[in-house]
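Me: Please examine the structure shown below and answer a series of questions on its helices and loops. Each reply should set out its reasoning and close on the value or name requested.

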Amino acid sequence: MKPGPRRILDELRSSQVLVLHPNDEDGRLLTDHLRRLGCSVQAMWPLPRSIPSRYDVVFVQVDDRPGEALAGLLAEHDPAVIAIMTYETPTAMQSILDLNAHAVISKPLRPFGILAQFVLARHRRSFEGRLAGKVRKLEDTLRGRRTVERATKVISAARGIGEDEAYRFLRDQATSRQISMTAVAESIITAHEALTGLGLSIAVGTGK
């Protein structure tokens with residue numbers, strides 16, 4: 001469900017915003033405008049060695065500053081990043097790419113446009129988060145399937161049965177113990193590898 005205009009503004013006002021910009025006219029204009037929008041804002045300059053994890057949106061001046069250093073500063077918390085640049089130099093453009101900036105605003109800063117880039121950055125970061133969650137879920141599912149397949153082969157060889165029957169045995173064990181098939185499969189593989197390392201073989205019982 002897409003957020004409505006009121007919800008968009010409410011979410012912006014709940015943001016914890018960090019401004020990494022010199023305390024000059026542009027920096028003060030930006031922080032003042034963000035506070036007028038209702039955001040909780042803190043400005044820091046020069047760049048700190050680390051930033052608190054509470055910030056979910058970061059405005060950062062790039063210019064000719066190496067992007068790798070900025071990316072390392074922000075990577076641990078992975079906030080929505082809005083890059084601020086004065087000139088479209090190759091270094092500034094590379095910094096934007098290194099940061100994987102979600103939005104860009106140019107100097108001299110003006111109130112008009114800041115809100116739009118703020119909304120865009122939060123939306124892109126939220127989308128990336130949902131997409132990353134889906135990818136992790138798919139990866140977990142694939143790992144689980146490969147683990148079950150390995151355990152099925154171990155059971156098949158240990159009991160001298162076909163892999164279809166071995167799979168049903170594994171499923172029944174998971175059902176009777178009320179745990180996932182992946183968990184049962186992992187325990188079987190761990191036991192198999194431990195015994196194989198000792199020159200022994202695993203004996204899989206009926207569990208009845």
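Me: Which residue with a positive phi follows H7?
Reply: This is a predicted model, and the backbone is considered here just past helix H7, which covers residues 181–197. The residue that follows has a positive phi, near 80 degrees. That residue is Gly199.

Me: What distance does H7 reach from its first C-alpha to its last?
Reply: Helix H7 has 17 residues. At 1.5 Å a residue, a span of 24 Å is expected. The computed reach from the first C-alpha to the last is close to that expectation, at 24 Å.

Me: Within what arc do the buried residues of H7 fall?
Reply: In H7, the buried residues are Met181, Val184, Ala185, Ile188 and Ile189. Seen down the axis of H7, these buried residues line one face of the helix, because the arc within which they fall is 130 degrees.

Me: Which exposed residues does H7 carry on the face turned away from its buried side?
Reply: The buried side of H7 includes Val184 and Ile188, and its cover includes helix H5 (114–159) and helix H6 (163–177). The face turned away from that side carries exposed residues, namely Thr190 and Gly197.

Me: Are H5 and H7 perpendicular or oblique to each other?
Reply: The axes of H5 and H7 come within 8 Å and cross at roughly 50 degrees. The contact involves residues of H5, including Gly144, Val148 and Ala151, and residues of H7, including Met181, Ala185 and His192. Angles of 65 to 115 degrees count as roughly perpendicular, and the angle here lies outside that range, so the two helices are oblique.

Me: Is the crossing of H5 and H7 left-handed or right-handed?
Reply: The crossing concerns two helices whose axes come within 8 Å. Where H5 passes H7, the crossing is left-handed.

Me: At what angle do the axes of H5 and H6 cross?
Reply: The axes of H5 and H6 come within 8 Å. Their crossing is right-handed, and its angle makes H5 roughly perpendicular to H6. The axes cross at roughly 110 degrees.

Me: Which residues of H6 meet H5?
Reply: On the H5 side, the residues are Val148, Ala151, Thr152, Lys153, Ile155, Ser156 and Arg159. Their counterparts in H6 are Glu163, Ala166, Tyr167, Phe169 and Leu170.

Me: What arc do the buried residues of H6 cover around the axis?
Reply: Ala166, Phe169, Leu170, Gln173 and Ala174 are buried in H6, and the buried residues of this helix pack against H5 and H7. On the other side of H6, Asp164, Thr175 and Ser176 are exposed. The buried residues lie on the same side of H6, because the arc they cover is only 135 degrees.

Me: How far apart are the end C-alpha atoms of H6?
Reply: Helix H6 has 15 residues, which should span 21 Å at 1.5 Å a residue. The separation of its end C-alpha atoms agrees with this, at 21 Å.

Me: Is Gln178 buried or exposed?
Reply: Gln178 is placed in the loop between H6 and H7. Its phi is near 55 degrees, a positive value in a residue other than glycine. Its relative accessible area is 73%, and values over 50% count as exposed, so Gln178 is exposed.

Me: What is the relative accessibility of Asn100?
Reply: Asn100 lies in the loop between helix H4 (90–99) and S5. Phi of Asn100 is near 50 degrees, a positive value in a residue other than glycine. Asn100 counts as partly exposed, with a relative accessibility of 41%.

Me: Which residue does a cis peptide bond join to Pro108?
Reply: Pro108 lies in the loop between strand S5 (103–106) and H5. Omega of the bond is about 5 degrees. The residue joined to Pro108 is Lys107.

Me: Where does Pro46 lie?
Reply: The peptide bond from Trp45 to Pro46 is cis, with omega near 5 degrees. Pro46 is found in the loop between strand S2 (40–44) and strand S3 (57–61).

Me: What distance separates the C-alpha atoms of Ala75 and Arg54?
Reply: Ala75 belongs to helix H3 (residues 67–75) and is exposed, with a relative accessible area of 53%. Ala75 and Arg54 are 21 residues apart along the chain. Their C-alpha atoms are separated by 13 Å.

Definitions and conventions: Residues are numbered from 1 along each chain as its sequence is written. This is a predicted model: local features need pLDDT of at least 70, side-chain atom pairs count only at pLDDT 80 or more; totals for chains, interfaces and linings use all residues. Side-chain values use heavy atoms; hydrogens and water are left out. Helices (H or I, at least four residues) and strands (E, at least two) are DSSP runs, numbered from the N terminus. The expected span of a helix is 1.5 Å times one less than its number of residues. Buried means under 20% relative accessible area, exposed over 50%, partly exposed in between (1.4 Å probe, protein chains only). The arc is that of the directions from the helix axis to the C-beta atoms. Contact means heavy atoms within 4.5 Å. Axes are lines fitted to C-alpha atoms, for helices over the stretch in contact, and angles run from 0 to 180 degrees between N-to-C directions. Angles under 35 degrees count as roughly parallel, over 145 as roughly antiparallel, 65 to 115 as roughly perpendicular and the rest as oblique. A crossing is left-handed if the near helix is turned anticlockwise from the far one by less than a right angle, and right-handed if clockwise.
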